[in-house]
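Welcome! Take a moment to turn the model around on your screen before reading on, and keep the sequence at hand.

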Amino acid sequence: MENDKPRPFMQALLNEKKISEDYDFAIFNYFTKITDLFEKTSGMLSMLFNKRKIHKNIPVDELSNLLFSQATITLRNYDSIILIAHSMGGLVSKSFILKSLEASSTRVKLYLSLAVPHNGSDLALFGKAILNNPQIKDLTSLGERIDELNRDWISRSSVLPETIYYQGTYDDVVPKTSSVAYDAREYNVVYSDDDHFSILDHKSDNNVVVSSVIKEITELKTQGDSTNKYDIFLAAAMAGLNKEDYIPFKSWITATMIPKLKQLGYKSIYYAGEDKNTNKDFSSPKYAFERDEGALNLSRNYILLYPSKVLSSVFIELGLAL
């Protein structure tokens, strides 16, 4: 916000009748400074809930904790959230989404990532050498926190919100190899004729970034308010099988069962064993249950394939489905 007025990027969204009538806007506000001597407000994701400044740089994780609390309390009556994030704000948003999934399931249905350094920024390497700033350290290429976020993002791929990545052709802050996250899903990338900051400008109606954001938001609304992401949650209860039984059972599922379901019109099928070549590839029971519970909440139908030996967790899933 600038002088209590929306920035041009946000104003462009507010001017779109299909968006302003159907959505409320919230801005998460956080403080950042480059050195101990000169204060500088952050970019696009300097946002809303209150105007109180935090006069201290804090790490991305702590910022996402603040966002988590704000969203949990202030947005408690909203079932669907769209996150639009720029630069470091995208890492805060990414961490927030993962924290939401850890707690239960995320209400974020769409995540729009504008020039976000998902794999770090080379400029942060220089900044880390001269500044005692935890945010700069978080942005360091190949940094520990960046690596953790990427690993968690990939491991939670089945329950992540739809994500669109926006890349500025002339961005000297976030390399092209960093503006798109390591993502195990199919995803879209929008390329714009912008640098790291002009990607937020809105000077004409044919601005590709603004036009794309409007398109994605309105299409999400057109798809309806259904929270279903999968037509079928396919529970195969395979983790308890021995090697001799596992391979033929999985082969039957992938070669026969899933194609048959798709022939019947069920296009999106969640099957946790799809990328598991052996029963040893499955996650720990606790994490697997958290992941599957999130997918189950996003599924329209539930099918249990009951082999000769199952683990008790499958009955918990069945109970939740019922």
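A residue is called buried when its relative accessible area is under 20%, and exposed when that value is over 50%. A115, with a relative accessible area of 0%, is therefore buried. Please keep in mind that you are looking at a predicted model. The points below begin with the whole chain and then move to its sheets, a helix and a few single residues.

**The chain as a whole**

- The chain has 322 residues, and buried residues make up 48% of them.
- Along the chain you can find 11 helices and seven strands.
- Take the contacts in the chain with a separation of 6 or more: residues 24 or more positions apart account for 71% of them.
- The accessible surface comes to about 17200 Å², and 53% of this surface belongs to carbon and sulfur atoms.

**How confident is the prediction?**

- The pLDDT averages 76 over the chain, and 71% of the residues score at least 70.
- Residues 124-136 are a stretch to read with care, since pLDDT is the predictor's confidence in each residue and it stays under 50 here. The model has 25 contacts beyond four places in sequence for this stretch.
- Over residues 138-142 the pLDDT is below 50 as well, and the model gives this stretch 22 contacts beyond near neighbours in sequence.

**The four-stranded sheet**

- What is the order of the four strands in this open sheet? Reading across, you meet β1-β2-β3-β4, and the pairing is parallel.
- The edges are held by β1 (81-86) and β4 (188-192); each has a single partner strand, so one side of each is left without a neighbour in the sheet.
- From one strand to the next, the twist averages 15 degrees.
- Strands β1 and β2 run parallel and are joined by six bridges. To find one of these places, look for L83, whose bridge partner in β2 is Y111.
- Strand β3 (residues 162-168) pairs with β4 in the parallel sense over five bridges. Here Q167 has Y191 of β4 as its bridge partner.
- Why is β2 described as largely enclosed by the rest of the structure? Seven of its seven residues are buried, so the description fits.
- As background for looking at any sheet, side chains in a regular strand alternate between the two faces of the sheet.

**The three-stranded sheet**

- Another open sheet consists of three strands in the order β6-β5-β7, with parallel pairing.
- Its edges are β6 (269-270) and β7 (299-304); because each has a single partner strand, one side of each is left without a neighbour in the sheet.
- Strand β5 (residues 230-235) pairs with β6 in the parallel sense over two bridges. F233 has its bridge partner, Y270, in β6.

**A helix across the strands, and two loops**

- Helix α4 (residues 88-103) lies across β1 and β2 (108-114), and runs at about 145 degrees to β1.
- In the loop between β1 and α4 you will find S87. S87 has a positive phi of about 55 degrees although it is not a glycine.
- Is S87 buried or exposed? With a relative accessible area of 19%, S87 is buried, because the cut-off is under 20%.
- A115 sits in the loop between β2 and α5 (122-130). A115 is not a glycine either, yet has a positive phi of about 50 degrees.

**Two buried residues in helices**

- S64 belongs to helix α3 (residues 60-74) and is buried, with a relative accessible area of 0%.
- Which residue's side chain makes a polar contact with that of S64? The partner is K99, and the contact is 2.9 Å.
- Leaving aside neighbours within four places in sequence, S64 is in contact with V92, S95, F96 and K99.
- I19 has its place in helix α2 (residues 17-20) and counts as buried at 1% relative accessibility.
- Not counting residues up to four places away in sequence, I19 touches L13, F25, I214, I217 and T218.
- I19 and I217 are 198 residues apart along the chain, while their C-alpha atoms are separated by 7.4 Å.

Technical notes. Residues are numbered from 1 along each chain as its sequence is written. This is a predicted model: local features need pLDDT of at least 70, side-chain atom pairs count only at pLDDT 80 or more; totals for chains, interfaces and linings use all residues. Side-chain values use heavy atoms; hydrogens and water are left out. Buried means under 20% relative accessible area, exposed over 50%, partly exposed in between (1.4 Å probe, protein chains only). A polar contact is a pair of N or O atoms within 3.5 Å; within protein, one must be able to donate a hydrogen and the other to accept it, and residues adjacent in sequence count only if both atoms are side-chain atoms. Contact means heavy atoms within 4.5 Å. Two strands pair if DSSP finds at least two bridges between them. Axes are lines fitted to C-alpha atoms, for helices over the stretch in contact, and angles run from 0 to 180 degrees between N-to-C directions. pLDDT is the predictor's confidence in each residue, from 0 to 100. Accessible areas come from the Shrake-Rupley method with a 1.4 Å probe; for residues, only the protein chains shown count as cover.
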